[in-house]
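Please open the structure in your viewer and keep the selection tool at hand, since each stop on this tour begins with something to pick out. Take the stops slowly, and look around each selection before moving on.

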Amino acid sequence: MKNLTVLLLAGVCLLCQPLQARQCIDACDGRTYKVGDTLRIGEPLSSGYLFVKQLNASNRFEKLNQKNLTGRIAIITDIPAYRPELYRQFGIYQQPETPQIVFAEQGDFKIGVYLNMALSKGNIVSRHHVSHMNGAVDLTPDILFAYAHKLYGKPIDTTSVDTYASLRAPQQYAEAANDPFALEELRTTYRKELEQAVAKADFNKVFRIKCFSKLQMYDINQQHFPLSDLKCIDVETKQDEDLSKQGYCLWGTCAFHFTNAPSFATVPCDKHIAQGVYAMRKMISASLPIPAILYVYVRILQQPVSLPDKRIMVMRPGTSFDYEWSTLSKAWGQKALDLEIIQTDGYYSVFPHNTQEVTYNYLGTQTVPEK
């Protein structure tokens, strides 16, 4: 009877013990985090870093200063046992089934992190991967303009120099437009630049375009996410309806088209990573579809574009409101370029409209399929 009483009391004591410290946490992104692992600070929400707090001199956690923290790293030093007063500082008022808080530091930078929510909201970034391809540079409207000049053998005259200058330095060009001396100096500068850009245009060179898409339902058998259409984030030019119907995107004064887009209609993703994406979305009660950022690597094809001779209305040169009849081929034939995709890097994006480089929540890379 005495032994039975001791066992019962021991059982009650075990039930009353707080959640014990653990060596690792199975997080919502599908990864297991342990002491010694690296955490990387992500983008703050509009309200700041809600789920990452910094340890102050009084050994209390306080709001993290947002300035220059994106990309900073810290090493996990402890996964503490559940303590109500600690967890309440992170907005957790009931004891969870598993630990949720980790401590990390790098020199004097000491933080506490509500790991699952920090991952789900982008305060801490998961699967860091910098998209790159040797020699690739970001595509811009002035690059398209120079390549169109070379492809179609167009002359470099005052009109083309003015257009190029307006693409390269729009504010400077606007300011010089009413000053003949400033305009003359600007034209001299950008005529030389355009001549050099056309001469150096290499159709083997690789360019990068940042695109937005949406992840459709994950295909478990094929282990990939189907994508919606690619939308180029940096393109702010008002689109021409007739060009859009032909699958061309107007950027600046030139239009481009992905010739092999159907071969890149998916982004490969390992099953455990995809499962982590769904878990992170569930943590923040986010709806589908899932926003994605893709870095698309392309080559400009050295082949003239053939557009149909469809009649369209175009603005008469030198006017603002006067239109005349033309054809799609005549209006845009020497301003259109075909681009061949050679690689895409896909990311699940917590902040899809952020203009900064996306290096977190890497999903996978799609390359040209083997023939």
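Begin by selecting arginine 40 together with valine 125, because valine 125, which lies in β9, is the bridge partner of arginine 40. Keep in mind from here on that what you are looking at is a predicted model. Now widen the selection to the two strands, β3 (residues 38-41) and β9 (residues 124-125), and you will find that β3 and β9 pair in the antiparallel sense over two bridges.

Stay with β3 and colour its residues by face: Leu39 and Ile41 make up the covered face of this strand, whereas Thr38 and Arg40 make up the uncovered one. Next, add strand β6 (residues 73-78), which pairs with β3 in the antiparallel sense over three bridges. If you look across from threonine 38, the residue standing opposite in β6 is isoleucine 75.

**The whole sheet**

With these strands on display, show the rest of the sheet, which is open and is formed by seven strands in the order β5-β4-β8-β7-β6-β3-β9, with antiparallel pairing. Which strands stand at the edges of this sheet? They are β5 (61-63) and β9, and each of them has a single partner strand, so one side of each is left without a neighbour in the sheet.

Move along the sheet to strand β4 (residues 52-55) and strand β8 (residues 109-114), which run antiparallel and are joined by three bridges. Here you can select lysine 53, which stands opposite glycine 112 in β8.

**Two residues of the sheet**

Now select glutamate 62, which is found in strand β5. Is glutamate 62 buried or exposed? The answer lies in between, because glutamate 62 has a relative accessibility of 39% and therefore counts as partly exposed. Leaving aside its neighbours within four places in sequence, glutamate 62 is in contact with Lys53, Gln54 and Asn56, and its side chain makes a polar contact with the side chain of asparagine 56, at 3.4 Å. You can also draw a distance from the C-alpha atom of glutamate 62 to that of valine 52, and these atoms, from residues ten apart along the chain, are separated by 9.0 Å.

Then go to aspartate 78 in strand β6, which is partly exposed, with a relative accessible area of 33%. Not counting residues up to four places away in sequence, aspartate 78 touches Val35, Val102 and Phe103. For a view across the model, select alanine 148 as well: the C-alpha atoms of aspartate 78 and alanine 148 are separated by 58 Å, although the two residues are 70 apart along the chain.

**A buried serine in α3**

Select helix α3 (residues 115-121), and within this helix pick serine 120. Serine 120 is buried, with a relative accessible area of 0%. To see what surrounds this residue, show Cys28, Met280, Met283, Ile284 and Val350, which serine 120 touches when residues up to four places away in sequence are not counted. Look in particular at methionine 280, whose backbone oxygen lies 3.4 Å from a polar atom of the side chain of serine 120.

**Helices α4, α5 and α7**

Two packed helices are described by the angle between their axes and the distance between the axes. Select helix α4 (residues 141-152) and α5, whose axes come within 8 Å and cross at roughly 155 degrees, which means that α4 is roughly antiparallel to α5. Their contact is made by Pro141, Asp142, Phe145 and His149 of α4 and by Ser160, Thr163, Tyr164, Leu167 and Arg168 of α5, and these residues divide into four nonpolar, three polar and two charged.

Pause at serine 160 in helix α5, which counts as buried because its relative accessibility is 5%. Leaving aside neighbours within four places in sequence, serine 160 is in contact with Phe145, His149, Pro155 and Leu194.

Finally, keep helix α5 (residues 158-168) in view and add helix α7 (residues 180-200); the axes of these helices come within 9 Å and cross at roughly 90 degrees, and α5 and α7 are therefore roughly perpendicular to each other. Among the residues that make this contact are Val161 and Tyr164 of α5 and Tyr190 and Leu194 of α7. By class, the contact of α5 with α7 has seven nonpolar, two polar and five charged residues.

Methods: Residues numbered from 1 in each chain as written. Predicted model: local features only at pLDDT ≥ 70, side-chain atom pairs only at ≥ 80, totals over all residues. Heavy atoms only, no water. Buried < 20%, exposed > 50% of the residue type's maximum accessible area, 1.4 Å probe, protein only. Helix = DSSP H or I, 4+ residues; strand = E, 2+ residues; numbered from the N terminus. Pairing = 2+ DSSP bridges. Polar contact = N/O pair within 3.5 Å; in protein donor to acceptor, adjacent residues only side chain to side chain. Contact = heavy atoms within 4.5 Å. Axes fitted to C-alpha atoms, helices over the stretch in contact; angles between N-to-C directions. Parallel < 35°, antiparallel > 145°, perpendicular 65-115°, else oblique. Nonpolar A, V, L, I, M, F, W, Y, C, P; charged D, E, K, R; others polar.
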